[in-house]
Amino acid sequence: MISQQSRHCTVELQALPSRIGQVRRIVSAQLRYWHLDPLIERAALGVTELLSNVHRHAEPDKMCTVEMELLLGRLTVSVHDNDPRLPVVQDAELFATSGRGLAMVAAVSESWGVRPHGESGKVVWFTLPASSAAVPKISPYDARQTHDTGQVYDTGRRPAARGRRSEHAPARSAVAG
C-alpha cells in the first residue's frame, strides 16, 4: 500500500533473492516519485543489506515488511521480521565474503538501530536526511559502530562529512511510482 499524502510506503514480502531486487526497484521508484532522487542509491543499498540479513538469518520464516516513511525532512527505512534474535555487528575477516552488512548500513546512513517488535520479532531501521544539501558520501571506514551489552544497537546521529557530496546517476525502474 502506498499513501502519497503521508509519504509512507509499506511492502510485505518473503525475503528471497528475486524479491530483494523487486523491493530495490520499488524503493527507487517511490523515492523518485517523492523527488528524493539523491537518496535512491543509499536507500537501495541499505534495504538490500537488511533484506539479505533476513534471507540469510531469520527464523522461523523469511516473511518481512519494508517500510519507508518521510517525516520532518528525514527518510526512515525499516525492515520488520519474525525473528526475535537481534543482529550482532561483527568485524569481518579481510577476505570474508559476508559479515559487513550492518557496517555498510551504518556507513551510508545518518543513524541506524534495532529494536524488539512484539514478542516474536524485531525492527532494523536506518535514516537518511531528505534535504539535498545533507547528502554526504561517507566511507565505510568512517562508520561508527556501537556495541552495547544490552540487546539494542543505535548509533545515533552522525555528523555530515565536510565538503563531500554524493554523485548520483538516476536509477531506472519499470515499477510505477
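1. Leu36 is buried, because its relative accessible area is 7% and the cut-off for buried is under 20%. The model is a predicted one. Leu36 sits in the loop between α1 (17-33) and α2 (40-57). So a loop residue is buried here.

2. What does Leu36 touch, leaving aside its neighbours within four places in sequence? Its contacts are Leu31, Leu70 and Ala130. Leu75 is also worth a look: Leu36 and Leu75 are 39 residues apart in sequence, and their C-alpha atoms are 9.5 Å apart in space.

3. His35 shares the loop between α1 and α2. Is His35 buried or exposed? His35 is exposed, because its relative accessible area is 68% and exposed means over 50%. Leu36, by contrast, is buried at 7%.

4. The backbone at His35 deserves a check. Its phi is near 60 degrees, a positive value in a residue other than glycine. Most residues other than glycine have a negative phi.

5. Leu72 also has a positive phi, of about 55 degrees, and it is not a glycine. Leu72 lies in the loop between β3 and β4 (74-81). Leu72 counts as exposed, because its relative accessibility is 82% and the cut-off is over 50%.

6. Which residues does the cis peptide bond join? The pair is Glu59 and Pro60, with omega at about 10 degrees. Pro60 is found in the loop between α2 and β3 (63-71). Most peptide bonds are trans.

7. Now the internal space. The count is 1 cavity of 30 Å³ or more. The largest cavity has a volume of about 30 Å³. The elements giving two or more residues to its lining are β2 (8-14), α1 and β3.

8. Which residues line the largest cavity? They are Cys9, Val11, Val23, Ile26, Val27, Val66 and Met68. Among the elements, α1 gives the most to this lining, with 3 residues.

9. How does that lining split by class? There are 7 nonpolar residues, with no polar and no charged ones.

10. To recap the places to inspect in the predicted model: positive phi at His35, positive phi at Leu72, and the cis bond between Glu59 and Pro60. Add the buried Leu36 and the cavity of about 30 Å³.

Terms used. Residues are numbered from 1 along each chain as its sequence is written. This is a predicted model: local features need pLDDT of at least 70, side-chain atom pairs count only at pLDDT 80 or more; totals for chains, interfaces and linings use all residues. Side-chain values use heavy atoms; hydrogens and water are left out. Helices (H or I, at least four residues) and strands (E, at least two) are DSSP runs, numbered from the N terminus. Buried means under 20% relative accessible area, exposed over 50%, partly exposed in between (1.4 Å probe, protein chains only). Contact means heavy atoms within 4.5 Å. On a 1 Å grid over the protein atoms alone, a cavity is a set of points where a 1.4 Å probe fits but cannot get out, and a pocket is an open set with protein on both sides within 12 Å along at least five of seven lines; lining residues have an atom within 4 Å of a point. Grid points are joined across faces, edges and corners, and a volume is the space filled by probe spheres set on the points. Ala, Val, Leu, Ile, Met, Phe, Trp, Tyr, Cys and Pro count as nonpolar, Asp, Glu, Lys and Arg as charged, and the others, Gly among them, as polar.
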